[in-house]
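Welcome, and please open your viewer. We will walk through one protein chain together, from the whole fold down to single residues.

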Amino acid sequence: MKMKRLASLLLMSFLALTLVLAGCTDKTSTNSGGTKNTGNAAKNPKPLVIGLSPAGQWQENFNPFSNTAMGGTNGLIFQPLYYFDPVSGKENPMLATKYEWTNDNKTLVATLRDNVKWSDGEAFTADDVVFTFDLLKKDPAADSSGIWKEITSVEKQGDNQVAFNFDQANVPFQSYVLGVDIVPQHIWKDLGDPSKAKITKNLAIGTGPYLLDSFTPQLYKMKVNPKFYGGEYEVKELHFPVYSGNDSEQLALTKGELDWAGIFIPDADKVYVSTDKEHNKYWFPPSNNVTLYPNLTNPLLKDINVRKAISLAIDRKKLSEQAASGYDPLSSTTALILPRDQAWVDPSIPKDKLEFVFDKDAAAKTLEDAGYKKGKDGIFVSPDGKKLTFTLQTVSGWTDWTTMAQLISQGLKDVGIDVKVQQPEYASYAKNVTGGNYDLAISWTNSGPDPYKQYQDMLNSHGGWNLEKWNDPQTDAALKKFQGTTDKAVQKEAINYLQNVMVNQMPTIPLVNGPVWYEYRTANYTGWPTEDDPYANPAPFNWPAPAITLSKLKPNTK
């Protein structure tokens, strides 16, 4: 994957994963703001209060092409053509109503929604779409997904269609192309480089369901857009207060001052739910794999027997319980995100091979059968005399990963593999893992609406998150097979092959599924995503998914 897209993924993944760091310790349970609405709730609903990632103060920036845009810029003010949700796997039409691939899957044609207006009353047209993509071409800094590294041209077709042309088929890249926020030509034509444009209230003209109402460094507010093509949402006003850290945000949540948050809370049942059992809820669905990456340029780790032994010596249940309060579901050996990807599971893989086994004796036997012998210090030595001694890198301050690393080190030492944990600062860690300067490292995977993106980034020889340096022509061929077709059966064949690569060749070693942190209150609004109705990524910071959630919410009139 191109370097620009990699840089973007690094930043987005880092911003999302910082929410997993230290848990909150303040257990205040005063409930001062969680009163129920009265029968007038439908007519005069309360503002919905949203807790985003902690920050010192808000910086007024509603530029959809900026990596530091305020929450709500993407999805509430500006919208893409489509949104492909990574938790539900659903496709959500926004400014387009349908799309199709033509020209042997080298042309993507989007049909635009009729009767859409910008919030200043101007009509939205295909010209705005073409103009937006031309902006990205002129200013690569705004093209954070590397769109113009994949497409060759964008053309208007009639009044309501836009065609995106590729030099080679790349069907799953549709989520990037259709996911670009569209901006109004009549406003942005005079703003210069889109990546540098300063978008404040008067210029925040979009097609989305909300308008920026007011802004201060401590609080900004949005109100419903009366010109929104879908009609006014029942949540009429949104408040985004700033919090200096997880502790203060958790305190506001437990006091009933927040309706929606996405923070890590140790022992959420005791700390949060118990303060208002009727209304305080949470759901932490799996969203990606937290994975142990072996550097396959290391001759010892290149040996599949060593990787199998390492995996057998890891107690994943203990990792989840002790590092993440039991919130992290255990990974599948296929690296599929379950239950979302259940329909993709290869039925030919025996069920007993779909789950990881913790067996220290089997780990030692695996090495012994491969010719490894323990030295006097209890550490295994390879047939050519090399000790099984490795470093394991994680990020300083990422307490859950640090705990995992220490548990892994202890478990491997019991088997006869020496592992020393290293905790560099994030910048050094990122440089090390992307540059191959490590033995073992804990890191994430990049998730999409189906298994392809994770496999592409992690297993393609040129993948954007192929930290382990897996290089296998047949793997690349399977990924290319998926890219080149819209036929679900053919895509399934490709994914089946990749699952078997994970199960049998273990290029990486999945540990647990990293969850989406999501807390919500039903005192003022109902209709939230739940495990029984997982209609969208539920976190309040994974834009534009919150727009889907807000479209479903209704005032609690009980």
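What percentage of the 558 residues in the chain do buried residues make up? The answer is 58%, counting a residue as buried when its relative accessible area is under 20%. Keep in mind as you look around that this is a predicted model.

**Stop 1: the whole chain**

Begin with everything shown as a cartoon. You should find 16 helices and 22 strands in the chain. The radius of gyration is 24 Å, close to the 24 Å that the globule rule gives for 558 residues, so the chain is as compact as a globular protein of that length. Turn the C-alpha trace about its principal axes, and you will see spans of about 80 × 60 × 40 Å. Now think about contacts between residues at least 6 apart in sequence: 71% of them join residues at least 24 apart.

**Stop 2: strand E10 and its partners**

Next, select residues 237–241, which form strand E10. Is this strand mostly covered or mostly uncovered? It is mostly covered, with 4 of its 5 residues buried.

Add residues 48–49, strand E1, which pairs with E10 in the parallel sense over 2 bridges. Here Leu48 stands opposite Leu238 of E10. Then add residues 219–224, strand E9, which is joined to E10 by 5 bridges and runs antiparallel to it. In this pair, look for Lys223 opposite Glu237. A general point helps here: strands of a sheet pair through backbone hydrogen bonds, either parallel or antiparallel.

**Stop 3: an open sheet**

Now move on to a sheet of 3 strands. In what order do they lie? The order is E11-E20-E12, in an open sheet with antiparallel pairing. Its edge strands are E11 (260–261) and E12 (280–282), each pairing on one side only. Select residues 519–521 to see strand E20, which pairs with E12 over 3 bridges in the antiparallel sense. Zoom in on Lys281, and you will find Tyr520 of E20 opposite.

**Stop 4: a cavity**

How many cavities of 30 Å³ or more does a search of the whole structure find? The search finds 1, and the largest cavity has a volume of about 40 Å³. To locate it, select Ile337, Arg340, Asp341, Ser447, Gly448, Asp450, Pro451 and Gln454, which line the largest cavity. Try colouring this lining by residue type: it divides into 2 nonpolar, 3 polar and 3 charged residues.

Conventions:
Residues numbered from 1 in each chain as written. Predicted model: local features only at pLDDT ≥ 70, side-chain atom pairs only at ≥ 80, totals over all residues. Heavy atoms only, no water. 1 Å grid on protein atoms, 1.4 Å probe; cavity = no way out; pocket = protein on both sides within 12 Å on 5 of 7 lines; lining within 4 Å. Points joined across faces, edges and corners; volume = space filled by probe spheres on them. Nonpolar A, V, L, I, M, F, W, Y, C, P; charged D, E, K, R; others polar. Pairing = 2+ DSSP bridges. Rg over C-alpha atoms; globule rule 2.2 N^0.38 Å. Buried < 20%, exposed > 50% of the residue type's maximum accessible area, 1.4 Å probe, protein only. Contact = heavy atoms within 4.5 Å.
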